[in-house]
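Student: I am new to this structure and would like to go through it slowly. Could we look at it together?

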Amino acid sequence: MHLALVGPTASGKSGLAMSVAHALGDVEIVSIDSMQVYRGLDIGTAKPSTRERAAVPHHLVDVAEPSDEWSVAQFQRAARAAIADIESRGKRALLVGGTGLYVQAVIDPLTFPPRDAAARAALEREVASSGGVERLYAELTQVDPDAAARIEPSNERRIVRALEVFRSTGRRFSSYGPGVQTFGTPVVPVHLAGVWLPRALLARRIDERVAAMRDAGLVDEVRELVASTALSRTARQAIGYQEIIAHLDGETPDLDDALARTADRTRSFARRQRMWFRRDPRITWVATHENPCLVLPALLALWSR
RNA sequence: GGCCGGGUAGCUCAGUCGGCAGAGCACGCGCCUGAAAAGCGCGGGGUCACCGGAUCGACGCCGGUCCCGGCCA
């Protein structure tokens, strides 16, 4: 049985994972993180250190160039391959991360319909020329009422995606699966645990983390990164990177403003993570109102049965 | 001391001719299948600095007071 540790950002998952790995001895870590996949995005993604990665094997970290457009489907393939590899060596995987969709992509039977750049471009042109998504939403309601019911009429990105799939594959978007609201038996056998901290504590930890990233040289990292590579759309929107880029471009002249904005966005990200994971009844929550490392005994008890 | 701005939601600020007080961010509650650290929806919040006046009716007009910023002395 594999293990998974989820929870919002800055909740202490990574540190706990290292302790668990040492205690159990037969696990390798699989990072479930949409931004740690990018090489060069180190400080701002709180990537595990080289020392940690030497002590315990980490998978799905540094597997993409920052100029690449990484995606959930790629992650699904790569993570499942990593898990198979770990199994082949007689070890167990310890999945650790906060990207909710990626967790489900790995452990649940999600089938991602293919992409079609031309269909998408055509749809985006239609949005631009008609000055909104109303017409496309009406079209989606016609051809795929189930998908339309799951998508809000103003959510351009998801409306475009659903129609991209319909037009390019001829199959309704909703025919590819019941959605991420279905929590069955995982296709990758795994025990799910989540770290739960009170909001005020998490907010404090986020502030501390942002300050620590600044002290660790986040601004220099971003400066060198943008000087040496054309960051992809996905990589450049990483929390901390987007804000520091705006600072370096002069859009946010005051660095403290950029850092405050980073903390704001991290908090709202943590809120969405909380919403995402809270729905999953398969997660056993371990909570503390102090230092997250205090939940280690509870975690080990949970996982040694 | 004089002159000119300004004081409206936790923060930054809109508010037309006097007619039920607004936005963005924050905060709260949610949604979610190839960008997910993305994208989207809903909600709670107000002594409109204070006192007085004219008016059917004032955030807005008139008088005064306090506070902040700038310029001049």
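Student: Which atom of RNA strand B lies 3.2 Å from a backbone N or O atom of isoleucine 239?

Tutor: This is a predicted model, in which local features need pLDDT of at least 70, side-chain atom pairs count only at pLDDT 80 or more, and totals for chains, interfaces and linings use all residues. Residues are numbered from 1 along each chain as its sequence is written, chains are lettered from A and ligands numbered from 1 in the order in which they are written, and side-chain values use heavy atoms, with hydrogens and water left out. The pair counts as a polar contact, meaning N or O atoms within 3.5 Å. The partner of isoleucine 239 on RNA strand B is a base nitrogen.

Student: Which helix gives the most residues to the surface near RNA strand B?

Tutor: A residue is near the strand if one of its heavy atoms lies within 4 Å of it, and helices are DSSP runs (H or I, at least four residues), numbered from the N terminus. Among the helices that each supply at least two residues are H3 (72–88) and H13 (255–278). With 11 residues, the one that gives the most is H13.

Student: Why are Leu136, Tyr137 and Leu140 on the same side of H6?

Tutor: In helix H6 (residues 134–143), these three residues are buried, that is, under 20% relative accessible area with a 1.4 Å probe and protein chains only. They lie on the same side because the arc they cover around the axis, taken from the directions from the helix axis to the C-beta atoms, is only 100°.

Terms used: Buried means under 20% relative accessible area, exposed over 50%, partly exposed in between (1.4 Å probe, protein chains only). A polar contact is a pair of N or O atoms within 3.5 Å; within protein, one must be able to donate a hydrogen and the other to accept it, and residues adjacent in sequence count only if both atoms are side-chain atoms.
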